[in-house]
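I opened this model to look up two things. One was the protein surface facing the DNA, and the other was the aromatic pairs.

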Number of protein chains: 2
Amino acid sequence: MTRAERSDAARNRAAVLAAADELFATVPEPARLSMDDVAAAAGVGKGTLFRAFGNRAGLLQALWQRRYEPLRYAIESGPPPLGPETDPRQRIAAILDAILVVKLDNRHLTLAVEERSGGTSLYEQPQYQLVHQLLCDLVRATGGGGDSELLAHLLLAAVRADLLNHLASRRGISRRRLRADLASAVDLVLGSAEASPPSD
Amino acid sequence: MTRAERSDAARNRAAVLAAADELFATVPEPARLSMDDVAAAAGVGKGTLFRAFGNRAGLLQALWQRRYEPLRYAIESGPPPLGPETDPRQRIAAILDAILVVKLDNRHLTLAVEERSGGTSLYEQPQYQLVHQLLCDLVRATGGGGDSELLAHLLLAAVRADLLNHLASRRGISRRRLRADLASAVDLVLGSAEASPPSD
DNA sequence: TTGCGATCCGGACTGACAGCCCGGTTGGCA
DNA sequence: TGCCAACCGGGCTGTCAGTCCGGATCGCAA
């Protein structure tokens, strides 16, 4: 019997999302961004924030979901190369490339989302498990050797937020280079065919 | 002009290391192990603990170093298959397998060590950078395609503490299976030759 | 053995932060 | 317009890393 959200609640929820989005895009160190900061920036009390999102992880999930949603949709039911009607090997490459791009575009946010917090590791997040499951199936469909579960984890390890952040921010490696290197690494892991450079 | 450590300081340092070792081996959730806990278990004041190790990361580093030291030595100047006189491809496999084993044997400790804390990511730790550099060189020596830097990161991602913990503790995958899967994954990444099962 | 200063000890203290609580307010249906 | 459930806000609590400083201790020198 979940009643509809009251209008003020909806307004505040939106305000928090907007403010948090802005903040995470701005601040240099997402881990140092406190819930008080977010509440203050949204012009809302802390109680309101926690009522709306449960806890820090809940807020981060909500933020991330908004960013990730289009990609998720494209993967689940869009046209090639992301959609289901693609050759598994190319689909894997396309998916990882797309994830790479989204994460680079939302570096701080993803960093915060993947931060281990409260005993919940990245690998327990439903988001992760969904993609992992899909990659498992796809890897198996390519018929290469090796355990598909571990391989899927390895592929996803290539786009972990902290690694990307290190390579991009710390080491200053360009997005173009990252995408190319990722593509060739994926080809290697999947038992190299020819490498196809990204188009977008 | 670093003066020698006073005897009581050395004694306390040892007591802290022993107690912390014991605790990290015992507790279920290393992140919940506070410095107060460690100090109390060691029968020492918190000030003493921080004087000796600087901060939490310092203590964890010291603990990890003791565990990792033998392996580091074996890699740097031991006999094959870990030592320098080994064929690069086999050496990579041997090193990763050894790291896997050490980390599994010290699961909670490694989990705590690799925990991102205070803006210092895994990739900035000198420990990591050392192994990464070595793997880079070895990967390059195998002459396969792909960017050696990224490949070395990927290889090390296969033995990240949180992944291992998830596979071993959460999913209940056996050590034997993990070692075998890791070995075949490494072979894949390095442009598969034949897989050789671990001996130890 | 005794004196003495540098070093070290310890636990109270601070600051930061996630999450809870509850008296007061407000939205929206009757 | 009245009523009450839902919601607001910010003060409060508990936890934890790291600091501080008065007092204890070590170990050298005489």
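Before counting by element, I fixed the term: a helix here is a DSSP run of H or I of at least four residues, numbered from the N terminus. The model is predicted.

**Entry 1: DNA strand C**

I started with the residues around DNA strand C. There are 23 of them. Those that come nearest are A:K46, A:R56, B:R6, B:N12 and B:G47. I then checked which part of the strand the protein meets. Sugar and phosphate make up 67% of the strand C atoms that come within 4 Å of the protein.

Which element gives the most to the surface near DNA strand C? I found α3(B), with four residues. I also listed the elements that supply at least two residues each. From chain A these are α1 (7-26), α2 (35-42) and α3 (46-53). From chain B they are α1 (7-26) and α3 (46-53).

Next I sorted the residues of this surface by type. I got four nonpolar, eight polar and 11 charged.

Then I went through individual contacts to strand C. The side chain of B:N12 puts an N or O atom 2.6 Å from a phosphate oxygen. B:N12 is also among the residues that come nearest to this strand. B:D8 uses its backbone instead: a polar backbone atom there is 3.4 Å from a phosphate oxygen of strand C. A:R6 reaches a base. An N or O atom of its side chain is 3.2 Å from a base oxygen of DNA strand C.

**Entry 2: DNA strand D**

I repeated the search for DNA strand D and found 20 residues around it. A:R6, A:N12, A:G47, A:T48 and B:K46 come nearest. Sugar and phosphate account for 59% of the strand D atoms within 4 Å of the protein.

I noted three contacts here. A polar side-chain atom of A:T48 lies 2.8 Å from a phosphate oxygen of strand D. A polar backbone atom of B:S7 is 2.9 Å from a phosphate oxygen of this strand. A:G47 contacts a base: a backbone N or O atom lies 3.1 Å from a base oxygen of DNA strand D.

On this side, α1 and α3 of chain A and α1 and α3 of chain B each give two or more residues to the surface. The largest share comes from α3(A), with four residues. By type, I counted four nonpolar, eight polar and eight charged residues.

**Entry 3: aromatic pairs**

I then left the DNA and looked for paired rings. Over all chains the structure holds four aromatic pairs. I wrote up two.

A:Y123 and A:Y128 form an edge-to-face pair, 5.0 Å centre to centre with 80 degrees between the planes. Are these two tyrosines buried or exposed? A:Y123 has a relative accessible area of 2%, so it is buried. A:Y128 is at 9% relative accessibility and therefore also counts as buried.

B:W64 and B:Y68 form a stacked pair. Their ring centres are 5.5 Å apart, and the planes are 20 degrees apart. I traced both to helix α4 (residues 56-77) of chain B. They sit four residues apart there, about one turn of the helix. B:W64 is at 8% relative accessibility, so it counts as buried. B:Y68, at 9%, counts as buried too.

Key
Residues numbered from 1 in each chain as written. Chains lettered and ligands numbered in written order. Predicted model: local features only at pLDDT ≥ 70, side-chain atom pairs only at ≥ 80, totals over all residues. Heavy atoms only, no water. Near = heavy atom within 4 Å. Polar contact = N/O pair within 3.5 Å; in protein donor to acceptor, adjacent residues only side chain to side chain. Nonpolar A, V, L, I, M, F, W, Y, C, P; charged D, E, K, R; others polar. Phe/Tyr/Trp six-rings, centres within 6.5 Å; stacked < 30°, edge-to-face > 60°. Buried < 20%, exposed > 50% of the residue type's maximum accessible area, 1.4 Å probe, protein only.
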